[in-house]
Amino acid sequence: QNGDFSILGIPPGEYRLFAWQDLPEDAWKDADFWNAMKDKGVCLKLEEGDQKSIELPLISPTETAALLARLDIQ
């Protein structure tokens, strides 16, 4: 309800996190979508045993809808 999430058991590594209000189920499979969105994510590096808290900005539904329309993703 408040947008708080906990994710456990993630192996050490570098990750990019995203927050969308609504995203079609198959959008994440589209390479052009990822190329357009890659800079909108927040980079996170996890070391063994890390516990981190981050705040993700919500990617604008208007911006997402415009991109999905341009790429013809429904």
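These questions and answers walk through a predicted model.

Me: Which residues make up the largest nonpolar core?
Reply: Two helices feed this core. α1 (31-37) and α2 (61-70) each supply at least two of its residues. The core has eight residues: F18, A27, F33, M37, I59, L67, L68 and I73.

Me: Which residues does I73 touch, not counting residues up to four places away in sequence?
Reply: I73 belongs to the largest nonpolar core. So do A27, F33 and L68, by the list of core residues. I73 touches these three and D30 as well, which gives A27, D30, F33 and L68.

Me: Is T64 buried or exposed?
Reply: T64 is found in helix α2. Its relative accessible area is 2%. Buried means under 20%, so T64 is buried.

Me: Which residues is T64 in contact with, leaving aside its neighbours within four places in sequence?
Reply: T64 sits in helix α2. Two of its contacts, M37 and I59, are listed in the largest nonpolar core. The full set is W20, D22, L23, M37 and I59.

Me: How far apart in space are T64 and K40, C-alpha to C-alpha?
Reply: In sequence, T64 and K40 are 24 residues apart. In space, C-alpha to C-alpha, the distance is 11 Å.

Me: What kind of aromatic pair do F33 and W34 form?
Reply: The structure holds five aromatic pairs. For F33 and W34, the centres are 5.7 Å apart and the planes stand at 75 degrees. Planes over 60 degrees apart count as edge-to-face, so the pair is edge-to-face.

Me: Is F33 buried or exposed, and is W34 buried or partly exposed?
Reply: Buried means under 20% relative accessible area, and partly exposed runs from there to 50%. F33 has 0% relative accessibility, so F33 is buried. W34 has 28%, so W34 is partly exposed.

Me: Which residues do ring pairs link into a cluster?
Reply: F33 and W34 form one aromatic pair. Ring pairs link both of them with F18 and W20. The cluster is F18, W20, F33 and W34.

Me: Which residues lie nearest the centre of the largest pocket?
Reply: About 900 Å³ of space lies in this pocket. β1 (13-17) and β2 (42-46) each supply at least two residues of its lining. The lining has 27 residues, and those nearest the centre are F5, S6, I7, K52 and I54.

Me: How many nonpolar, polar and charged residues line the largest pocket?
Reply: The lining residues number 27. By class, they are 14 nonpolar, seven polar and six charged.

Technical notes: Residues numbered from 1 in each chain as written. Predicted model: local features only at pLDDT ≥ 70, side-chain atom pairs only at ≥ 80, totals over all residues. Heavy atoms only, no water. Core = buried A, V, L, I, M, F, W, Y, C linked by side-chain atoms within 4.5 Å. Buried < 20%, exposed > 50% of the residue type's maximum accessible area, 1.4 Å probe, protein only. Helix = DSSP H or I, 4+ residues; strand = E, 2+ residues; numbered from the N terminus. Contact = heavy atoms within 4.5 Å. Phe/Tyr/Trp six-rings, centres within 6.5 Å; stacked < 30°, edge-to-face > 60°. 1 Å grid on protein atoms, 1.4 Å probe; cavity = no way out; pocket = protein on both sides within 12 Å on 5 of 7 lines; lining within 4 Å. Points joined across faces, edges and corners; volume = space filled by probe spheres on them. Nonpolar A, V, L, I, M, F, W, Y, C, P; charged D, E, K, R; others polar.
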